[in-house]
Amino acid sequence: MTSPNLTAANIEKIAELFPGVVTESIGSDRAPAKAINFDLLRQELSNHIVEGPQERYQLDWPGRREAAFAANAPVAKSLRPVREESVDFDTTKNVFIEGDNLDALKLLQESYLGKVKLIYIDPPYNTGKDLIYEDDFAETSSEYLERSGQVNASGAKLIANPESNGRFHSDWLSMIYPRLKLARNLLADDGVIFVSIDDGESANLKRLLDEVFGEQNFIDTIAVEMSTTSGPKTVNAQQGTIVKNVEFIHVYRRSGEFDREPHTPLLDGVDSYDIHYSVWLNEDGSLGALAEKMLADEKVSSEIHRYGFLERKKFSINNMDRLLAVSEATKSFIDANLDRIARSDRAPVSAEGRSTQVGRWEKFEVDHRTYFLTTLENGTLQSLMPLALNYRMSDDYKPRFGRTVIRGDLWKGFHQDMGKRGQGGR
C-alpha cells in the first residue's frame, strides 16, 4: 500500500483559500509539482507588508532559463531535399519543411534572417489534451523515447501535457518561448507575426509576446468567431452557460518600419440597406428624395405596387430591405445610381467657413478628396456621401460586390469557411 501524499493534499486546501499563492515548480527528483509561494502566503496572513525578494514586473516560470538556452543552442542537422515528392524542385519559389519546428527555425536563420514578411503560428492550445514539443536536451534519444514513447511520423519529439501536470503552464511556455524568439529573428523590419490561441493560454502568450517583440510593437488582438450558438451550445446557453464562440489571434510587428507602408483595411459585406442613404443628387445641383426617384422609375414603381409597399401613395425607405429581397429591378436601379444616392454627414473640418445654397449641393475639393456639400435650413453645413463610396468588393468569406463595412478586430463569420479546410478546423 502507498500512503497518501499529505503535502499535495495540504497544497490543494491552501489553493482553495488563497489561489494566488499556488505556483508551479520542479521537485528535488526533477518531477513537476504544484508548490506554495511562502512569501505571498505570509503576506496573505499578515496585517503588515512582509519583506521578501525584490519584486519585478515580469513573466517567470520554472524552466525559463532552459527555454532561453533551447533557443540559442546549436543543432547539428541539415535539410534534406525530397525531389521525388516535390513539384518543379529547381525552379519553385515555395518551400515546405517537415520535421521538428524548433530545429527548422534554427536552420532557417542563416538563409532567411530578417527577410520574412509574415509569420503565422498555430501552436498547441494547451487544453490538457494537446501534444507539445519537448525540448529537453539533457536526455539521449533512447532515454527520451523510453520515457515518453511518443514521436510523430517525422520523428519530432512530442509529449502529452495533461492538466494534472504540476508544470502545466510552465511546460507550454517553455515550448513556445524559444520558437517565438527564433521567429522574431526571421522577421524583416517591416514584418508582422500572427499567433492563434484560445482563452486558456491567451494571457500568458500575450505577456510572452510583449517580452519577445516589445509592448510597443503590439498591433491588436483579433477575436475570431469560430462557431455560432447552435446545436448543443444552444442547450448550454439556455441553461445559463456562457458558450465559447471565439478564439484569438495576437498580432505583433517586428518594428516601427511596419507602419511606414499604408495598409488596406479588410472589408466585410453588409446585407442590409442603410436607410440613411435617402438623398438624391440631381445633375443640376438640386437635391431630391430617393423614394420619389424610385417611384418615378417605371420598373421599380411596378415592383413597389406589386409587392404592396406603397403607403398613401408614397414609398418608405424603411421598406428598402424587404423590397430588395424580392425585386431585381430595384437592385439594378441602386447599382446603376450609386453616384446619385447619398446620405448626410458632418462636414469636414477643412470646409469650415464655406456655405452653399439651401437645398442644393456643390463639389468641394480639399486634401486630394472631393466632398459634396449642402446647407440645411438651420444653416448647418453638411457633407453628402454618395453610396458609391460604400460599394466595393468585400474581402469576407463569400466575396461579393455591394455595401461594405471596414472589419475591425472582431472577425465575424469565420466559421462559415472552415468546412473548406482539410479537417474542418479545430
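**Model confidence and salt bridges**

The mean pLDDT of the protein chain is 84, with 86% of its residues at 70 or more. The structure described here is a predicted model, and two of its stretches call for some care from the outset. Over residues 143-150 the pLDDT stays under 50, and the model gives this segment 17 contacts beyond four places in sequence. Residues 421-426 also have a pLDDT below 50, with 10 contacts in the model beyond near neighbours in sequence. Where pLDDT is low, the predicted coordinates should not be read in detail.

With that caution in place, attention can turn to the charged side chains. Side chains of opposite charge can pair when their charged atoms come close. The structure holds 19 salt bridges, and three of the pairs found in the model are described below.

One of the salt bridges joins the side chains of lysine 77 and aspartate 103, with an N to O distance of 2.6 Å. The two partners lie 26 residues apart and link distant parts of the chain: lysine 77 belongs to the loop between helix H3 (64-72) and helix H4 (101-112), while aspartate 103 is in helix H4. Their surroundings can be contrasted as well. Lysine 77 is exposed, its relative accessible area being 52%, whereas aspartate 103 is buried, at 10%.

A further pair brings together aspartate 271 and arginine 400, whose closest N and O atoms are 2.8 Å apart. Here the link spans 129 residues and again connects distant parts of the chain. Aspartate 271 sits in the loop between strand E9 (267-269) and strand E10 (279-281); arginine 400 is in the loop between strand E18 (391-393) and strand E19 (401-406). Aspartate 271 counts as exposed, with 70% relative accessibility, and arginine 400 is partly exposed, with a relative accessible area of 31%.

The third pair is formed by arginine 306 and glutamate 303, for which the closest N and O atoms are 3.4 Å apart. Both residues are in helix H10 (residues 298-306), and because they are 3 residues apart there, about one helical turn separates them. Arginine 306 counts as exposed, at 60% relative accessibility, while glutamate 303 is buried, with a relative accessible area of 12%. Finally, a network is also present: Asp271, Asp396 and Arg400 are joined by salt bridges that share partners.

How values were computed:
Residues are numbered from 1 along each chain as its sequence is written. This is a predicted model: local features need pLDDT of at least 70, side-chain atom pairs count only at pLDDT 80 or more; totals for chains, interfaces and linings use all residues. Side-chain values use heavy atoms; hydrogens and water are left out. pLDDT is the predictor's confidence in each residue, from 0 to 100. Contact means heavy atoms within 4.5 Å. A salt bridge is a side-chain nitrogen of Lys or Arg within 4 Å of a carboxyl oxygen of Asp or Glu. Helices (H or I, at least four residues) and strands (E, at least two) are DSSP runs, numbered from the N terminus. Buried means under 20% relative accessible area, exposed over 50%, partly exposed in between (1.4 Å probe, protein chains only).
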